[in-house]
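Here is a quick tour of one sheet and a handful of charged pairs. Have the viewer open and follow along.

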Amino acid sequence: MKLKALLSTVVSAVLITCTMGTYIPSAETTVETYTLSFDISDEGFETEDESLFASVELKAGGNYIIPEGSFETEERHSTGWTYDDIYLYAEGDNFVMPAQDVVLRPVYVSDVDNATYTVSYNIEGYTHSEEVSFDSFKRQPGRPVSPTTYKVNLAGASQAGWYYKGNIVLPTQKFVMPAEDVVLTPRFLYYYTLTYSAGEVDRLTSTSNFVAFDRCEFESLDLAAADRFGRIGFNLVGWTSSIDGLVYKPGSPYVMPGQDLTFTAVWEPKTYVVVFAANNGKSESIKISGQTDTYITVPECTFTKSGYKFAGWSYNDELYQPGDEFLIYGAKPGLGISLKASWVEDIPEVQEPYDSLSLVLQRKEYVAGTATEEDLKAGADFLLGR
């Protein structure tokens, strides 16, 4: 059976080997289906319900439980089904549909010929626990064989099944024992570095701008969430892959490739509602929207406070006047941007009283051109009580 046809089953077991997790197949981009049928034309077929072996239509990667039913004659009986003479599916097994039509044929074992052949493991050069045995064993042709669940060790890798005639066989699978000796060799999946980078940006609230993990190739994982890194004034909206340059959403399912990989954060400026608060004991405010790293124009103050006059808008110990440009720098998560009206006590100017001497002095200023006729008249009116 080709690796392509086995992909769903192989990846599922690989995930158990690497992470003890559960594999969820990616959504298909096509609705094409394939036909799964059973060849029950041989003699000796027995089943309680023959309709269970009717043909079905399945998508690639679809699952189908092998129904109960077998063949038996005086010279042979069936042990399961195959369509490629490699993999064997017994009653109750889960069959994963490849991207092709499939006809499952019965696999037979002889009841008159008891010849057996050897299944052995080629583990030369690898280490393993001394308590683990990889002893060879005998099997009759047509019998199902499942590899041992024991594994050998290789630095930087994790064993995921065994190779048999160029095919991958997992401990959860069965292959048809042929009429010849079989040697199984270990199949390894290697670990690579998965790095998340915040990029060369400022205003990070995280302690580091990158984090790295070792991940097994073919391992299914969810990409880091949007809160992996924090940045004042920006939202993390995606991850750019160093392999294909595509942008993936945070939390998206992903299958680890067979190479080191870096995902770099994609940042999007936040939109803030900048609040200009009256600060006069009333819930009054002016609100202006704008994005991080853009400027807005500081508004005129339309509020009043009895006994006070407006002095400007206060923010971070700096005073802004109407018409000034205000840069939206951003705020820490959960906080907004608010400027408060600054008020100073409104003390009326006290006009100094006039006297005859001041009137004389003011006339001199008038002659000298530093006082106006209106100034002279005001002084005279004050002295005359007008």
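Let's start with one pair of residues: F310 has W343, in β28, as its bridge partner. Keep in mind that this is a predicted model. The two strands involved here are β25, covering residues 308–315, and β28, covering residues 338–345, and they pair in the antiparallel sense over 6 bridges.

Now zoom out to the sheet around them. It's an open sheet of 5 strands, and reading across it you get β23-β22-β28-β25-β26, with mixed pairing. Which strands stand at the edges? Those are β23 (285–291) and β26 (318–320); each has a single partner strand, so one side of each is left without a neighbour in the sheet. From one strand to the next, the twist averages 35 degrees.

On to the charged side chains. Side chains of opposite charge can pair when their charged atoms come close. With 4 Å as the cut-off between nitrogen and oxygen, the model has 7 salt bridges. Among them are these three:

| Pair | N to O distance |
|---|---|
| K165 and E180 | 2.9 Å |
| D202 and R203 | 3.2 Å |
| D202 and R231 | 3.2 Å |

Take K165 and E180, whose side chains meet in a salt bridge. This pair links distant parts of the chain, 15 residues apart: K165 sits in the loop between β12 (157–164) and β13 (167–169), while E180 is in the loop between β14 (175–176) and β15 (182–197). Are these two buried or exposed? K165 is exposed, at 53% relative accessible area, because the cut-off for that label is over 50%. E180 comes out at 35%, so it counts as partly exposed.

D202 is a residue to click on next, since its side chain meets R203 in one salt bridge and R231 in another. D202 is partly exposed, with a relative accessible area of 39%. The link from D202 to R231 joins distant parts of the chain, 29 residues apart: D202 is in the loop between β15 and β16 (210–216), and R231 is in the loop between β17 (220–222) and β18 (234–241). Both arginines are on the buried side of the cut-off, which is under 20%: R203 has a relative accessible area of 12%, and R231 has 11%.

Which residues make up the network of salt bridges here? D202, R203 and R231 are linked in it together with D293.

Definitions and conventions: Residues are numbered from 1 along each chain as its sequence is written. This is a predicted model: local features need pLDDT of at least 70, side-chain atom pairs count only at pLDDT 80 or more; totals for chains, interfaces and linings use all residues. Side-chain values use heavy atoms; hydrogens and water are left out. Two strands pair if DSSP finds at least two bridges between them. Helices (H or I, at least four residues) and strands (E, at least two) are DSSP runs, numbered from the N terminus. Axes are lines fitted to C-alpha atoms, for helices over the stretch in contact, and angles run from 0 to 180 degrees between N-to-C directions. Buried means under 20% relative accessible area, exposed over 50%, partly exposed in between (1.4 Å probe, protein chains only).
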